[in-house]
Amino acid sequence: MERLPTLEQLIDYLRRLPSVGRKSAERMAYALLKMDTDTLQGFSKAIQDLNEHIHPCPICGNYTEQETCAICADESRNHHTCIVVSSPQAVHAFEELGPEYDGVYHVLGGDLSATAGISIDDLNVHSLITRIENDGIKEIIIATNPTMEGETTALYLAQILKKYPIKISRLAYGLPIGGHIDYADALTLKKALEGRTHI
Ligand SMILES: [Zn+2]
């Protein structure tokens, strides 16, 4: 079969997506190849727009298309309680709980990982400390993923935050170990939040 470098290039890009192997990438690439020009242009524009329109909120690190995210900008929320998460997807998972949680968030942008070379300087920790010092945060609920990296991150954070006069708690277990917060169902997450333990 004739080699199609343009298609191969697309397959290579698609394979960078999570859970996409060679076979899935090929299927997606051939499906795209069958689409009409308008749809393909729509796809291409949607991808370009990601970078042009979405940026991290300068306060909490959550994704936004505005100057600051809707949660930080919402004055009716409780700005004294802050859930610290690894990723913006985890914010989304907590927001699904609706009125169960009306505090704010801080997105670290990852977990500490020696294997992936992610150190504390790669995470949004300095901005968290600035918020604690200047923005009246009184309680931090650490909700990093229940993985080895997430646990290490939680312990490290608890360590550096303990000199501040704030309440620090960690989500209760019951979350599947090794899983990710953003995959947890609302009930599990609600229970984990209610049963948070002081650390
Ligand atoms: Zn924000």
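In the predicted model, Cys60 has a relative accessibility of 3% and therefore counts as buried, the cut-off being under 20%. Cys72 is likewise assigned to the buried class, because its relative accessible area is 13%. Both residues belong to the zinc site, where the protein donors are the SG atoms of Cys57, Cys60, Cys69 and Cys72, lying 2.3 Å from the ion. The angles subtended by the four donor atoms around the zinc ion run from 104 to 118°, and the arrangement is therefore tetrahedral. Along the sequence, the donor residues follow the spacing C-x2-C-x8-C-x2-C. Cys60 is located in the loop between strand S1 (55-56) and strand S2 (63-64), whereas Cys72 is part of helix H4 (residues 70-73); the pair therefore ties together parts that are twelve residues apart in sequence.

The protein is divided into two domains, with domain 1 covering 5-53 and domain 2 covering 59-198. Between the C-alpha centres of domain 1 and domain 2 the distance is 32 Å.

Strand S5 (139-143) has five of its five residues buried, and S5 is therefore largely enclosed by the rest of the structure. In a regular strand, side chains alternate between the two faces of the sheet. In S5, Glu139, Ile141 and Ala143 point one way, while Ile140 and Ile142 point the other way. The residues of both sets are buried, Glu139 included.

S5 pairs with strands S3 and S6. The pairing of S3 (81-85) with S5 is parallel and extends over five bridges; within it, Cys82 has Ile140 of S5 as its bridge partner. The pairing of S5 with strand S6 (residues 167-170) is also parallel and comprises four bridges. In this second pairing, Ser169 of S6 stands opposite Ile141. Helix H7 (residues 148-161) lies on the path of the chain from S5 to S6, and the resulting β-α-β crossover is right-handed.

Helix H5 (residues 88-95) contributes a further set of buried residues, namely Pro88, Ala90, Val91, Ala93 and Phe94. The elements covering these residues include strands S2, S3, S4 (104-107) and S5, together with helices H4 and H8 (186-194). Two elements of this cover also figure in the description of the zinc site: H4 holds Cys72, and S2 bounds the loop in which Cys60 lies. S3 and S5, also listed in the cover of H5, are the two strands joined by the five parallel bridges.

Methods
Residues are numbered from 1 along each chain as its sequence is written. This is a predicted model: local features need pLDDT of at least 70, side-chain atom pairs count only at pLDDT 80 or more; totals for chains, interfaces and linings use all residues. Side-chain values use heavy atoms; hydrogens and water are left out. Donors are N, O and S atoms within 2.8 Å of the metal (3.2 Å for Na, K and Ca); water is not among the atoms, so sites may look incomplete. Four donors count as tetrahedral if all angles lie between 85 and 135 degrees; four count as square planar and six as octahedral if opposite donors are over 155 degrees apart and all others between 65 and 115; anything else is irregular. Buried means under 20% relative accessible area, exposed over 50%, partly exposed in between (1.4 Å probe, protein chains only). Domain bounds come from an automatic or database domain assignment. Contact means heavy atoms within 4.5 Å. Two strands pair if DSSP finds at least two bridges between them. A crossover is right-handed if, with the strands pointing away from the viewer, the path from the first strand over the helix to the second runs clockwise.
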